[in-house]
Amino acid sequence: MTALSDVYIIGASETKYGELWDRSLRELATEAGLKAVEEAGITAKDIQILYGSNSLAGSISGQENIGALISDYAGIAENHIPSVRVEASTASGAAAVREAYLAIKSGEYDLVMVGGVEKMTDIYGNEVVDITSSILDREWEAFFGATPAAMAAISARRYMHDFNVPKETLSLISVNDHLNGSMNPNAHFRNRITLEQAMSSTPIAEPLNLMDCSPMSDGASAIVLASESYVKRNRLDGIRIVSSGISQDYLAVHSRKSVYSIESAKLAARDALRRSGRSLKDISFVELHDSYSIYGILLLEELGFAQPGKARELVEQGIGISDPLPVNPSGGLKAKGNPLGATGVGQFVEAYLQLKGKAGQRQVKGADLCMLHSMAGTGTTSIVHLVGE
C-alpha cells in the first residue's frame, strides 16, 4: 500500500474582517485567493481543484453555486479547474480544509486551494436573526423563538449554576480576544476592552451581553495546500497539517447529555491527537470557536485543557500570548470577527503566520504546534486540526 502523502500549507491570506459595505462577495473571495496564490509563489493555472466554503450566501445574497462564482471571478474558470462548495454551517471553512487535506492525502491532487467567504452585513434586524437561526434545529428550537445567542445563554446559565462559575470568567474570554485582536491588522475590532466594560455592556440574552457575542462580519480567507512530493520537488518551506479529526453530535441541544455538552469537540480533538501521536502538552496555542464567550469556556474543557468545571482556573491564571496556553492569538471570533464561511479557513491563516514567525506583535514565542477547532452551530459538528511539527 502506498504511503499517504503529508499535506502542507504553502500560502495563506485573508481580507480584513468587518463591515465591508463597499465590497461584494466575489470581490472579497478573489482578493483573499489571489493573495494566497501570490504568497505560495504559484499561478492560478497550477491549482488542480478549488474547495470553497460558505454558510449563508443563498439566504443573504441570493447566490448559490459559490464554488463556480469564486472560480469565475478569480479568472480560473477558463482553465476548467473544478470548483466545489463545502457547507457545514458555521464549520464550513474547516470542513473545506479537511476535504482538501484528504484529497491530497489520498494522492488524487498535488495542489489545492481552499477559500472561504461570507457577506453578512447586507441584512439586519429581525431578518438577520431569522437567517442566522437556521444553524439551529428549525423545528424544535428556532420555531419556538430560540436564537444562537439564546441557546448559548441557556448553556451558560446551567454551566454557571452547576459549577458555581461567575460571569467574570466568561468576560475574561472576550477581554483576551480584544487584547489579541488589537494587534491584528485584519481584525473586525481592534479596540481593547476592560473587564468592567465587558461586564457592563448591553444585555443580549441573560447572562450574555454584547461583549459575549461575536459580530456579524464580512470577509474572506484562503490557503493553498500542497502534497509532500510537490513541496520537495519545488523546494518549498510549507507548514504541515499534522492531523485532522471530525465528530458529530445531535442537532438539537435538548437531545444531548447536557445543555452545555459539546461532545463533538471532545471526540474530534481526541481523534486528531491520536492520529498525530502528540499530546496536549505539545500544543503551543489553540484557536477555538468562541462565537459566544461561554463556548470559549466549555471548549477549553471539552478539548482537554481543563477538567469539567475547571476552565475558570485556567482562564483566571491567564490565556494571553505570553501565558503557558495562549488562546486565540488572532483575536478569536469575538474580536477578529466571524464571517461564517471564512472563519474556519481564517484559523489556518493564523496558524500559518504564527508558525512562520510572521504574526508581528501577537507572535507566540516558540510556536511549533497548534490546535484549531471549528464547530457548527451549538456544537453539532466539530472539526479539529493540528498544524505544525
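A helix axis here is a line fitted to C-alpha atoms over the stretch in contact, and angles run from 0 to 180 degrees between N-to-C directions. Keep that handy for the first stop, and remember throughout that you're looking at a predicted model.

**Stop 1: two helices crossing**

Select α4, residues 92–105, together with α14, residues 340–355. These two helices pack at an angle of about 55°, and their axes sit 5 Å apart. Angles of 65 to 115 degrees would count as roughly perpendicular and those under 35 as roughly parallel, so α4 is oblique to α14.

Now show side chains where the helices touch. From α4, pick G93, A94 and V97; their counterparts in α14 are G341, G344, V345 and F348. By class, this contact has four nonpolar and three polar residues, with no charged ones.

**Stop 2: a closed space beside α14**

Stay with α14 for a moment. The structure holds three cavities of 30 Å³ or more, and the second largest, at about 60 Å³, is the next thing to look at. Select Y17, E287, S330, G332, L333, K336, G337, T343, G346 and Q347 to light up its lining. Two elements give two or more residues to that lining: α13 (332–336) and α14. What mix of nonpolar, polar and charged residues lines this second largest cavity? Two are nonpolar, six are polar and two are charged.

**Stop 3: the sheet**

Switch to a cartoon view and find the open sheet of nine strands. Walking across, the order is β3-β2-β4-β7-β1-β8-β11-β10-β9, and the pairing is mixed. Which strands stand at the edges? Those are β3 (83–86) and β9 (285–287); each has a single partner strand, so one side of each is left without a neighbour in the sheet. Sight along the sheet and you can follow its turn: neighbouring strands are rotated by 30° against each other on average, direction ignored.

Zoom in on β1 (residues 7–14) and β8 (residues 239–248), which pair in the antiparallel sense over three bridges. For a landmark, click I9, which stands opposite I239 in β8.

Next, add helix α1, residues 25–40, which packs on the sheet. The strands α1 touches are β1, β4 (111–118) and β7 (219–227), and its direction makes about 35° with that of β7.

**Stop 4: the largest pocket**

Turn on the surface. The largest pocket takes in about 650 Å³ of space. To centre your view, select C213, S214, P215, M216 and Y292, which lie nearest the centre of this pocket out of 29 lining residues. The elements giving two or more residues to the lining are α5 (126–132) and α6 (148–163). Of the elements, α5 gives the most, with three residues. Colour the lining by class and you should get 16 nonpolar residues, twelve polar and one charged.

**Stop 5: the second largest pocket**

Last selection: Y260, K266, E301, E302 and P308. Of the 14 residues lining the second largest pocket, these are the closest to its centre. The volume of this pocket is about 220 Å³. Helix α6 turns up again here, since α6, α10 (263–276) and α11 (293–302) are the elements that give two or more residues to the lining. The largest share, three residues, comes from α11. Colour this lining by class too: six residues are nonpolar, three polar and five charged.

Note on methods:
Residues numbered from 1 in each chain as written. Predicted model: local features only at pLDDT ≥ 70, side-chain atom pairs only at ≥ 80, totals over all residues. Heavy atoms only, no water. 1 Å grid on protein atoms, 1.4 Å probe; cavity = no way out; pocket = protein on both sides within 12 Å on 5 of 7 lines; lining within 4 Å. Points joined across faces, edges and corners; volume = space filled by probe spheres on them. Helix = DSSP H or I, 4+ residues; strand = E, 2+ residues; numbered from the N terminus. Nonpolar A, V, L, I, M, F, W, Y, C, P; charged D, E, K, R; others polar. Pairing = 2+ DSSP bridges. Contact = heavy atoms within 4.5 Å. Parallel < 35°, antiparallel > 145°, perpendicular 65-115°, else oblique.
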